[in-house]
Amino acid sequence: MKTPLALVPPMGWNSWNSFGWNINDELIRSTADLFVESGLRDAGYEYIIIDDCWSEKQRDEKGRLVPDRNKFPGGMKAVADYVHSKGLKFGMYSCAGTHTCAGHPGSFEHEFTDAETFAEWGVDYLKYDYCYKPLAADGANLYRRMSMALRSCGRDILFSACNWGADNVYDWIRSSGAQMFRSTGDIQDNWFNIKGIMESQIDKSPYSGNFCHNDMDMLVVGMHGNSHNTEVLGGVVGGCTDTEYKTHFAFWAMMAAPLIIGCDVRNMTDVTAEILMNRDIISIDRDMECRAPYVIRQWNNPDNVFALVRPLSTGEYAIGLFNLSDKKAEMSLQFYDIGLPVSSGRGLELYDCYVHAAAGVFTERYVTQLESHDCAVFRAKPVKL
Ligand code: GLA
């Protein structure tokens, strides 16, 4: 039996956050090279995805999409072949509406032709946006259509739906056949925006799982204010501290979200590389069972300080402790609250996913002080005392 796509959350890179419309053949090839040289590929990052603005503004006389002749003079098949030659997979972008968000041709009423074109080019992943959807058209139906077009195009193409959480997407997206779905508006490279995404998704855990993952948008880890989009926040995109990037990454992993890098990987700092390639965190994100976490809030600081707890397929639990507040704060995880009363005669053996070493055996509770916007992540094993 063939393994279905997206058993666990996909990992990769997407051009939009850093480059917007400023994309070309050379950028994609050099990013693929860097994936190999920097170790990103070996850490699990697999898809190199071209976002919006890759096509000419008009279809050809047969109604087919045409790659921008200046940006991709050799066509898309050549780019796909190059990406594949590096042991990676190739992703592209289209839209359920008549036009993409940046005004290029969308796939509305061209779904089956476009799926066939993508298959011919060697595409392995399609991000599918929601701009310029005819008002009278039904969104759920348009995602079902493209899903069917991809599933019958003769090539395995992962379907990454992107309707920003609109139209009760949680209720219908899994049954459409999509492998992941965007649940939020566009992420921005600043803490305020990241925190808003975290807060909006924390109670959406029940909707994610194997083969259809909640995509909380691409990572901004390592962007340090270098967004293509300078119109955000009155001209200042902002950027985050490395602590904030660490917490952003850990939260996405605890939620079992797709990990799609958005920074320019050709200029990663050592700290960015360490955050993105932390294998202990990645293995939590991609745990085979893909269980979403439950939330245990700090009793005296419930809005900003909490634990996310997830059973893993190894018999362990992943525990993420988060402090989203602007001050240092205590987080005390009472083991009773995660299902381990003192009367069990058991404690938790903790492994620290940032120190990459055992942290000891704890009974009744684990208490720590978290710096502002910081987190701690453990694998925990219930053990007899
Ligand atoms: C929308 C999407 C973004 C990006 C842009 C491209 O805003 O949500 O992720 O794909 O369109 O125009």
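Biologist: What volume does the largest pocket have?

Modeller: This is a predicted model, so read every value as computed from it. The largest pocket has a volume of about 250 Å³. It is lined by 14 residues, and those closest to its centre are Lys2, Leu5, Arg151, Asp156 and Gln179.

Biologist: Which element gives the most to the lining of that pocket?

Modeller: Helix α6 does, with 3 residues.

Biologist: How many residues has α6, and what does it reach from its first C-alpha to its last?

Modeller: Compare the span with the expected one. Helix α6 covers residues 139-151, which makes 13 residues. From first to last C-alpha it reaches 18 Å, close to the 18 Å expected at 1.5 Å a residue.

Biologist: Which residues of α6 are buried?

Modeller: Buried means under 20% relative accessible area. In α6 the buried residues are Gly139, Ala140, Leu142, Tyr143, Met146, Ser147, Ala149 and Leu150.

Biologist: What covers the buried residues of α6?

Modeller: Two helices and two strands are included: α5 (111-121), α7 (169-176), β4 (125-129) and β5 (158-162).

Biologist: Now the rings. How many aromatic pairs does a search of the whole structure find?

Modeller: The search finds 20. Take the pair of tyrosine 47 and tyrosine 125: the centres are 5.1 Å apart, with 50 degrees between the planes. That pair is tilted.

Biologist: Which parts does this pair tie together?

Modeller: Look at where each ring sits. Tyrosine 47 lies in strand β2 (residues 47-49) and tyrosine 125 in strand β4, so the pair ties together parts 78 residues apart in sequence. Tyrosine 47 is buried, at 5% relative accessible area. Tyrosine 125 is buried too, at 3%.

Biologist: What kind of pair do tyrosine 130 and tryptophan 164 form?

Modeller: Check the angle between the planes; over 60 degrees counts as edge-to-face. Here the planes are 75 degrees apart and the centres 5.8 Å apart, so the pair is edge-to-face. Tyrosine 130 is in the loop between β4 and α6, and tryptophan 164 in the loop between β5 and α7, so the pair joins parts 34 residues apart in sequence.

Biologist: Is tryptophan 164 buried or partly exposed?

Modeller: Tryptophan 164 is partly exposed, with a relative accessible area of 30%. Its partner, tyrosine 130, is buried at 7%. Both rings belong to one aromatic cluster, formed by Tyr128, Tyr130, Tyr143, Phe159, Trp164 and Trp172. Tyr143 also appears among the buried residues of α6.

Biologist: Which residue lies over the face of tyrosine 354?

Modeller: Lysine 246 does, at 4.5 Å from the ring centre.

Biologist: How many cavities of 30 Å³ or more does a search of the whole structure find?

Modeller: There are 5. The largest cavity holds about 70 Å³ of space. Its lining has 13 residues; closest to the centre are Tyr125, Lys127, Ser160, Asp215 and Met218. Strands β4, β5 and β6 (180-182) each supply at least two lining residues. Strand β5 gives the most, with 3 residues.

Biologist: One more residue. Where is lysine 89 found?

Modeller: Lysine 89 is in strand β3 (residues 89-95). At 32% relative accessibility, lysine 89 counts as partly exposed. Set aside neighbours within four places in sequence, and lysine 89 is in contact with Glu46, Tyr47, Ile48, Val83, His84 and Asp124. Tyr47 is the residue that pairs with tyrosine 125.

Biologist: What separates the C-alpha atoms of lysine 89 and isoleucine 319?

Modeller: The separation is 31 Å, for two residues 230 apart along the chain.

Terms used
Residues are numbered from 1 along each chain as its sequence is written. This is a predicted model: local features need pLDDT of at least 70, side-chain atom pairs count only at pLDDT 80 or more; totals for chains, interfaces and linings use all residues. Side-chain values use heavy atoms; hydrogens and water are left out. Helices (H or I, at least four residues) and strands (E, at least two) are DSSP runs, numbered from the N terminus. The expected span of a helix is 1.5 Å times one less than its number of residues. Buried means under 20% relative accessible area, exposed over 50%, partly exposed in between (1.4 Å probe, protein chains only). Contact means heavy atoms within 4.5 Å. Rings of Phe, Tyr and Trp (its six-membered ring) pair if their centres lie within 6.5 Å; planes under 30 degrees apart count as stacked, over 60 as edge-to-face and the rest as tilted. A charge sits over a ring if NZ of Lys or CZ of Arg is within 6 Å of the ring centre and within 35 degrees of the ring normal. On a 1 Å grid over the protein atoms alone, a cavity is a set of points where a 1.4 Å probe fits but cannot get out, and a pocket is an open set with protein on both sides within 12 Å along at least five of seven lines; lining residues have an atom within 4 Å of a point. Grid points are joined across faces, edges and corners, and a volume is the space filled by probe spheres set on the points.
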